[in-house]
Amino acid sequence: MIARPWLKRAGKGFSMDLRREIHEEMLLLRGRTPEITGVLTCTVDGMLVSADLPGAVDQTAALTSAVLSMSRRMTELTQVGDLEETLISGTRGHTACYAAGPKLVLTVLAAQGANLGLLRIEGRKTAAKIAAIVEHQ
């Protein structure tokens with residue numbers, strides 16, 4: 001039997017097939033954008049759905065939920081429209097969070113010097129594909 005750590009402790013209400021499809025989209029994203037160092041999808045309340053990243057996966061999922069909530073609130077408060085993404089830049093890289101429909105969030109980690117334009121285009125495209133996968137289930 002092949003170990004699938006990305007399926008452990010995954011969010012309730014998401015079948016194995018659905019999580020596998022989401023994970024495949026995440027891997028395609030990594031293949032299109034070589035600067036990406038990790039990717040995670042979780043529910044809006046922070047439950048892990050799928051991950052391909054090193055480190056504290058559950059904590060990253062929980063913080064992703066908090067970032068999404070604060071970002072949505074900020075866009076409402078400032079009246080700039082619907083949330084598209086949140087980008088956090090650090091001295092060693094970037095973290096971008098994309099709403100993937102009403103139920104999920106896609107978080108993408110990228111190395112320092114990553115092409116942020118490409119990251120934004122590909123991240124949004126993948127978030128939309130993930131949202132469509134969930135919508136069709």
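Is serine 71 buried or exposed in this structure?

1. The model discussed here is a predicted one, and a good place to start reading it is serine 71, which lies in helix H2. Serine 71 is buried, because its relative accessible area is 12% and the cut-off for calling a residue buried is under 20%. Not counting residues up to four places away in sequence, serine 71 touches Leu83 and Thr86.

2. Helix H2 itself runs over residues 57-78, and its 22 residues should span 32 Å at 1.5 Å a residue; the end C-alpha atoms are 31 Å apart, so the model agrees with the expectation. The buried residues of H2 are Val57, Ala61, Thr64, Ser65, Val67, Leu68, Ser71 and Thr75, and what covers them includes E1, E2, E3, E4 and E5. When you follow this list along the helix, it helps to recall that an α-helix has 3.6 residues a turn, so residues three or four places apart point the same way. Just after H2, glutamine 79 takes a positive phi of about 55°.

3. Helix H3 (residues 116-135) can be read in a similar manner: with 20 residues, H3 reaches 28 Å from its first C-alpha to its last, which is close to the 28 Å expected at 1.5 Å a residue. Buried in H3 are Leu119, Glu122, Gly123, Thr126, Ala127, Ile130, Ala131, Ile133 and Val134, and their cover includes helix H1 (16-32), strand E1 (36-43), E4 and E5.

4. Threonine 33 belongs to the loop between H1 and E1, and it counts as buried because its relative accessible area is 1%, where the limit is under 20%. Leaving aside neighbours within four places in sequence, threonine 33 is in contact with Leu118 and Glu122, and Glu122 is itself one of the buried residues of H3.

5. Alanine 96, placed in strand E4, is likewise buried, with a relative accessible area of 1%. Once its neighbours within four places in sequence are set aside, the contacts of alanine 96 are Thr86, Leu87, Leu106, Thr107, Val108 and Leu119. The C-alpha atoms of alanine 96 and valine 67 are separated by 9.9 Å, although these two residues stand 29 residues apart along the chain.

6. Methionine 47 offers a contrasting case: it is found in the loop between E1 and strand E2 (48-52), and it counts as partly exposed because its relative accessibility is 37%, a value in between the limits of 20% and 50%. Its C-alpha atom is separated by 8.5 Å from that of serine 65, a residue 18 places apart from methionine 47 along the chain.

7. The largest pocket holds about 160 Å³ of space, and its lining consists of Thr37, Ile88, Ser89, Gly90, Arg92, Gly93, His94, Thr95, Leu109 and Ala110. Two or more of these residues come from each of strand E3 (86-90), strand E4 (93-100) and strand E5 (104-111). By character, the lining divides into three nonpolar residues, six polar residues and one charged residue.

8. As for annotation, an unreviewed UniProt entry lists residues 23-110 as "domain: Roadblock/LAMTOR2". In the model, the end C-alpha atoms of this span lie 17 Å apart, and the span is 36% helix and 38% strand.

Definitions and conventions. Residues are numbered from 1 along each chain as its sequence is written. This is a predicted model: local features need pLDDT of at least 70, side-chain atom pairs count only at pLDDT 80 or more; totals for chains, interfaces and linings use all residues. Side-chain values use heavy atoms; hydrogens and water are left out. On a 1 Å grid over the protein atoms alone, a cavity is a set of points where a 1.4 Å probe fits but cannot get out, and a pocket is an open set with protein on both sides within 12 Å along at least five of seven lines; lining residues have an atom within 4 Å of a point. Grid points are joined across faces, edges and corners, and a volume is the space filled by probe spheres set on the points. Helices (H or I, at least four residues) and strands (E, at least two) are DSSP runs, numbered from the N terminus. Ala, Val, Leu, Ile, Met, Phe, Trp, Tyr, Cys and Pro count as nonpolar, Asp, Glu, Lys and Arg as charged, and the others, Gly among them, as polar. UniProt positions are given in the numbering used here, feature names are shortened, and annotations may be inferred rather than shown by experiment. The expected span of a helix is 1.5 Å times one less than its number of residues. Buried means under 20% relative accessible area, exposed over 50%, partly exposed in between (1.4 Å probe, protein chains only). Contact means heavy atoms within 4.5 Å.
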